[in-house]
Amino acid sequence: KKGMHEEAVHRLRLLLRSGLLLRKRAYWFERLSIDLAEHLGRREEALEVCREGLQPQETAQWRRGDRFGLARRAARLWKALHGSQEMPGDLRRAIFIDDAAFAGLPTRVV
């Protein structure tokens, strides 16, 4: 918290390589992308972290909300870096798969 973002990035990468605590991986990927983009100004690297985290072998055991949060971050980073340029197919599919799932949910006013 005291500006030690390089150290945080190093530790998060170690945790992600360890394979420990599978239920925490979504949080670690998102936190790593935030530290890289927002605190260190390395947005391109942050987008690659999101891309890595959105791979099916990573997200298989995640809750939908965790995946959705990382997908939203990836979409925001892409827009900040590339504007209206079209996303590559693999990234677009990884991001918008949740949009399609949520679009099919029934809505009801309570």
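Helices here are DSSP runs of H or I at least four residues long, strands are runs of E at least two long, and both are numbered from the N terminus. What you have open is a predicted model, where local features need pLDDT of at least 70, side-chain atom pairs count only at pLDDT 80 or more, and totals for chains, interfaces and linings use all residues. Residues are numbered from 1 along each chain as its sequence is written, and side-chain values use heavy atoms, with hydrogens and water left out.

**Start with the whole chain**

Switch to a cartoon view. You'll see six helices and zero strands, so to speak an α-α-α-α-α-α run from the N terminus on. Of the 110 residues in the protein chain, 34% are buried. Buried means under 20% relative accessible area, exposed means over 50%, and partly exposed is in between, using a 1.4 Å probe and protein chains only. Now think about contacts, meaning heavy atoms within 4.5 Å. Among contacts with a separation of 6 or more, 51% are between residues 24 or more positions apart.

**Stop one: the loop at Leu21**

Select Leu21. This residue sits in the loop between α1 (5–18) and α2 (25–39). Its phi is near 45°, a positive value in a residue other than glycine. Most residues other than glycine have a negative phi. Leu21 is partly exposed, at 44% relative accessibility.

**Stop two: α2 against α3**

Next, select α2 together with helix α3 (residues 43–53). How do these two helices lie relative to each other? Their axes come within 7 Å and cross at roughly 170°. Axes are lines fitted to C-alpha atoms, for helices over the stretch in contact, and the angles run from 0 to 180 degrees between N-to-C directions. Angles under 35 degrees count as roughly parallel, over 145 as roughly antiparallel, 65 to 115 as roughly perpendicular, and the rest as oblique. That's why α2 and α3 are roughly antiparallel.

Show the side chains where they meet. On the α2 side, pick Phe29, Leu32, Ser33, Leu36 and Ala37; on the α3 side, pick Arg43, Glu45, Ala46, Val49, Cys50, Glu52 and Gly53. These residues divide into seven nonpolar, two polar and three charged. For that split, Ala, Val, Leu, Ile, Met, Phe, Trp, Tyr, Cys and Pro count as nonpolar, Asp, Glu, Lys and Arg as charged, and the others, Gly among them, as polar.

Zoom in on Ser33, in helix α2. Is Ser33 buried or exposed? Buried, at 0% relative accessibility. Leaving aside residues up to four places away in sequence, Ser33 touches Ala46, Val49, Cys50, Leu70 and Arg73.

**Stop three: the salt bridges**

Side chains of opposite charge can pair when their charged atoms come close. A salt bridge here is a side-chain nitrogen of Lys or Arg within 4 Å of a carboxyl oxygen of Asp or Glu. How many salt bridges does the structure hold? There are 10.

Stay in α2 for one of them: Asp35 pairs with Arg31, the closest N and O atoms being 2.9 Å apart. Both lie in helix α2, four residues apart, about one turn of the helix. Asp35 is buried at 3%, whereas Arg31 is partly exposed at 26%.

Now select Arg42 and Glu45, whose side chains also meet in a salt bridge (2.9 Å, N to O). Arg42 is partly exposed with a relative accessible area of 27%, and Glu45 is partly exposed with 30%. Add Glu6 and Arg13 to your selection: salt bridges that share partners join Glu6, Arg13, Arg42 and Glu45 into one network.

**Last stop: along α5**

Select helix α5 (residues 64–82). Its 19 residues should span 27 Å, and the end C-alpha atoms are 26 Å apart, which agrees. The expected span is 1.5 Å times one less than the number of residues. Colour the buried residues of α5: Arg67, Gly69, Leu70, Ala71, Arg73, Ala74, Leu77 and Trp78.

Pick Leu77, buried at 4% relative accessibility. Not counting residues up to four places away in sequence, Leu77 touches Ala37, Arg43, Ala46, Leu47 and Cys50. Leu77 and Ala46 are 31 residues apart in sequence and 7.8 Å apart in space, C-alpha to C-alpha.

Finish just after α5, where Gly83 takes a positive phi of about 60°.
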